[in-house]
Structure formats: C-alpha cells, structure tokens
Amino acid sequence: EIHLTDRLDVFVGARVTRDDKDGKETLPGSIAAPSLGRSVPIEYEDTRDTWTAGVNYRLTDDILTYAKYATGYISGGQLATIEFDVETAESFEAGIKADLFDQRLRSNLAVFQVDYESIQQATLGTLTGVPSAAQFSQAIVPSADADAMGVEWENTLVAMDGLTLTANVGYLDFEFDQDSVFPGFANASGIPGFQEFHRPEWTGSVAAQSEPG
C-alpha cells in the first residue's frame, strides 16, 4: 500500500498457488453389482496466480471512497469420475464508506460486477447426466459460466445510548451463460435453460439491539 497523499492511497497484492492432488476414488457398488474394490486414480496439478489492485480516497476524515479489482479461484479436481475445472472469478467493486453525525451513523454503499467461469456445483451423481457418476451420492460439476452485478447498502445507526438500529438492502442481477452449461445439466433443464438458484434478486434486513444502561 502506497500513501500518495494524506487522502489518496493505492494498493496492489499478488499470490501464486500450486495445487497437487493424488489419490484414488473407489467405485461404489451394490449387492447386485459389487465394486470389489475397483478404483480409478485421481491426479491433479495446477498453478494459479491471483491479484488485486485498487485506490482509496478520503473525501473528508469521515468519508472514504474506493475502487478495486480482484481475481480469485477455487481449485479443480475429480469426484464421481467427473473432472471439474477450476472455478475463477474476476471482480470489480467501487463504493463509499461514511461515518456521519459524530459517528452515530455508519453507511456503506457498494456496486460490483463479477465474471465467473466454471462455477462448481455439488449435486447427486444421478443428476449429472453422466452414466459413470450415477452410483455416487455426491459429484462436483463445472455447472456454467456466469455474470453478476449488483448493489449493497448497509446502515448502522446508534439512535441513542444503548439502542442500535441496522438496515441493509441488496440487489443482484445474476445470469448463467447458456452456451457454457454442463452438458448433463443442459439436457435436463430444457427451456428456458439452466437457471440460477439460491441467488435472490433482492435481499434485506432490519434489526434493533438494545443494551441496558
């Protein structure tokens, strides 16, 4: 982190990670078709670099604006005979953090955009569409690429001594790239295609906390 002026800072960071996985995966069996200890080897090697960079600027002693770029990843591998790719994310974020009214109100606003590739999803082997994975109780699938953009606004107010109020709201626009959907998921989804889930468009919360004086 470099302090260019009393109010302007820039920062940069980098990381290099090497993954090396070796093992074996025992094939499941049943009374009618026992596995007899059969297994398949698991070998995975990969080296990834991730980094971040950004700028902070203080409009006043109580108001900070910022913008940053970052990359990240989740290691790939193999489960239920399915090789899954590395999940990567490339994100941009900008926002403002303010402590107002003698620091009784803290308000943080952020806007962001994220590009995902090969989002990993845990699922039943029977739902992958891959015959060799059907007997496994769990599989990891590189489900699809996706784009996300949104806004988050968080507020904390000390209304009076002993009483703290919070109110937060978020908006998320998330879409899968249908051309990148895992073949088994694409075949099972039909029209309108593989859709997002567990990613609500709107989120919000309000709370009050009282502490005896």
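Is R48 buried, partly exposed or exposed, and at what relative accessibility? The solution is given in Exercise 1. The structure is a predicted model, in which local features need pLDDT of at least 70 and side-chain atom pairs count only at pLDDT 80 or more, while totals for chains, interfaces and linings use all residues. Residues are numbered from 1 along each chain as its sequence is written, and side-chain values use heavy atoms, with hydrogens and water left out.

**Exercise 1. Describe the salt bridge between R48 and D46, and state how accessible each partner is.**

Step one is to fix the term: a salt bridge is a side-chain nitrogen of Lys or Arg within 4 Å of a carboxyl oxygen of Asp or Glu. For the side chains of R48 and D46, the distance from N to O is 2.8 Å.

Step two is to sort the partners by relative accessible area, where buried means under 20%, exposed means over 50%, and partly exposed lies in between, with a 1.4 Å probe and protein chains only. R48 has 31% relative accessibility and counts as partly exposed, whereas D46, at 17%, counts as buried.

**Exercise 2. Find where the partners of the salt bridges R7 to D61 and D161 to R104 lie along the chain.**

Step one is to note how elements are named: helices (H or I, at least four residues) and strands (E, at least two) are DSSP runs, numbered from the N terminus. The structure holds 5 salt bridges, and one of them joins the side chains of R7 and D61 at 3.8 Å, N to O. This pair links distant parts of the chain, since R7 is in the loop between β1 (2-3) and β2 (8-26) and D61 is in the loop between β3 (39-60) and β4 (63-74), 54 residues apart. R7 is partly exposed with a relative accessible area of 32%, and D61 is exposed at 63%.

Step two turns to D161 and R104, whose closest N and O atoms are 3.4 Å apart in their salt bridge. D161 lies in the loop between β11 (146-160) and β12 (163-176), and R104 in the loop between β7 (87-100) and β8 (105-117), so the pair ties together parts that are 57 residues apart in sequence. D161 is exposed, with a relative accessible area of 67%, and R104 is partly exposed at 33%.

**Exercise 3. Identify the largest nonpolar core and follow the contacts of F176.**

Step one is to define the core as a set of buried Ala, Val, Leu, Ile, Met, Phe, Trp, Tyr and Cys residues joined through side-chain atoms within 4.5 Å. The largest such core has 16 residues, and those with the most contacts inside it are I82, F174, F176, F185 and F194. The elements that give two or more residues to this core are β10 (139-142), β11 and β12.

Step two looks at F176, using contact in the sense of heavy atoms within 4.5 Å. Leaving aside neighbours within four places in sequence, F176 is in contact with several residues, among them I119, A146, F194 and R199.

**Exercise 4. Work out which residues and strands line the largest pocket.**

Step one is to recall that, on a 1 Å grid over the protein atoms alone, a pocket is an open set of points where a 1.4 Å probe fits, with protein on both sides within 12 Å along at least five of seven lines, and that lining residues have an atom within 4 Å of a point.

Step two is to read the lining, which has 13 residues, of which V151, E152, G170, Y171 and T203 lie nearest the centre of the pocket. The elements that give two or more residues to this lining are β11, β12 and β13 (202-210), and β12 gives the most, with 5 residues.

**Exercise 5. Compare the places and accessibilities of A80 and F101, two residues with a positive phi.**

Step one is the background: most residues other than glycine have a negative phi. A80 has a positive phi of about 60° although it is not a glycine, and F101 likewise has a positive phi, of about 50°.

Step two places them: A80 is in the loop between β5 (77-79) and β6 (82-84), while F101 lies in the loop between β7 and β8. A80, at 0% relative accessibility, is buried, whereas F101, at 64%, is exposed.
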